[in-house]
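Here's a walk through the hollows of this protein, with a stop at one greasy spot on the outside. Have the structure open and follow along.

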Amino acid sequence: MIFKNKTILVTGGTGSMGSTLVRRVLGNELGTPKKVIVFSRDEAKQHEMRMSYQHRRAATDEVIFRNFMNVLEFRIGDVRSYPEICAAVRDADIVVNAAALKQVPTCEYFPEQAILTNCIGALNIVRAIQENQYPVETVIGISTDKACKPVNVMGMTKSLQERIFIAANVLNPKTRFICVRYGNVLASRGSVIPLFLDQIKNGGPVTITVPEMTRFLLSLDQAADTVFAAVRKARAGETWVPRAPSATVEHIARSLIGKRRVKTKVIGIRPGEKMHEIMVSEEEAHHCVRRGDYFAILPMLPELRRDAAEEANALKGEFSSADMLLDLPGTKSLLKKHKLL
């Protein structure tokens, strides 16, 4: 029970993934935590989350002023701020870094902002542990398939975040730094499914970039499962990847439209997009092994692999969203399973 009596810090804890992780941690499936700290800069989302967990509609002084007495604790702060990160990390046994700028167009327009959150934020966590010798047991970096052979700023900064955390193991051997990398999360904020549903609601057209474009599909809970699996079993410096199914953009749109008389419109590939996302690159396949339902990309740094036993490679080439492709009925079944139809 890895979370039993532990303090878990979730940066970006009010986001789609962060809030799902908080809910799952509080479900005690990996042990009852001593404290769960939600760290984010969004006061409004923190307030909504606090009210939801306390089943309140009206905020009273009693609700607000007991913040540090509750198992679920909220802290306003920004991963970009080293002092604020120090104050939060100091009390944590396990840190999950879910804070991110993840919208591709936003990161293209404001690359310096993406660097500050996605790279400097990760570096601040490492610095806090290294310079202050905080006794943090594990740090998990939440990454994305766009970090693999990146073609946009969001992917580039997430790729650097992975390297920052993995390299941190060398000079901080008392803390285990690991990463998880996964694809599109079904119905998360800013993803394609809420956009399609909104377009369908308004009578269409549903805008498809390229019909043959493919994307990995996971639910928020499956993404959380990947984090939990890595926390339980990943070795220092490893990046865990779920063996997720994928679908074409056209099949996703047609599944959501169903029998409605809504048209689709092909608008072409957008800047910074790939036809197929890659979860494990051809270069990474040479040091990628199977761990149950997951792939584990082993660290490139020899210092982190010197004591590891030899394991057979799990892949002969890259793991792409074009590989485990669902047909139209399969796509419908997956979306129906997650209550999106």
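The second largest pocket has a volume of about 480 Å³. It takes 25 residues to line this pocket, and those closest to its centre are L304, R305, R306, D307 and A308. Keep in mind that this is a predicted model. If you want to find the walls by secondary structure, look at helix 7 (153-171) and strand 14 (288-291), since each of them gives at least two residues to the lining of the second largest pocket. The chemistry of that lining is mixed: ten residues are charged, nine are nonpolar and six are polar.

Now for the closed spaces. How many cavities of 30 Å³ or more are there? The count comes to two. Here they are, side by side:

| Cavity | Volume | Lining residues |
|---|---|---|
| Largest | about 40 Å³ | N184, V185, L186, S191, V192, I193, R215, L217 and I252 |
| Second largest | about 30 Å³ | F3, I8, L21, V25, V96, I140, V227, F228 and V231 |

Take the largest cavity to begin with. Three elements each put at least two residues into its lining: strand 7 (184-185), helix 8 (192-201) and strand 9 (214-218). By class, the lining of the largest cavity has six nonpolar residues, two polar ones and one charged one. R215 is the charged residue on that list, because Arg counts as charged.

What about the second largest cavity? Its lining includes F3, V96 and I140. Two or more residues of this lining come from helix 1 (16-26), and the same goes for helix 9 (220-233). Which element gives the most to the lining of the second largest cavity? That would be helix 9, with three residues. As for the chemistry, the lining of the second largest cavity is nine nonpolar residues, with no polar and no charged ones.

Finally, the outside. I115, L116, I120 and L123 make up a nonpolar patch on the surface, and together they have about 280 Å² of accessible area. One of them, L116, sits in helix 6 (residues 111-132). Why is L116 called partly exposed? Its relative accessible area is 32%, and partly exposed covers the range between under 20% for buried and over 50% for exposed, so L116 falls in the middle class. That 32% also clears the cut-off for patch members, which is over 30% relative accessible area.

Terms used:
Residues numbered from 1 in each chain as written. Predicted model: local features only at pLDDT ≥ 70, side-chain atom pairs only at ≥ 80, totals over all residues. Heavy atoms only, no water. 1 Å grid on protein atoms, 1.4 Å probe; cavity = no way out; pocket = protein on both sides within 12 Å on 5 of 7 lines; lining within 4 Å. Points joined across faces, edges and corners; volume = space filled by probe spheres on them. Helix = DSSP H or I, 4+ residues; strand = E, 2+ residues; numbered from the N terminus. Patch = residues over 30% accessible without salt bridge, like charges linked within 9 Å, V, L, I, M, F, W, Y side chains within 5 Å. Areas by Shrake-Rupley, 256 points an atom, 1.4 Å probe, with all protein chains shown as cover. Salt bridge = Lys/Arg side-chain N within 4 Å of Asp/Glu carboxyl O. Buried < 20%, exposed > 50% of the residue type's maximum accessible area, 1.4 Å probe, protein only.
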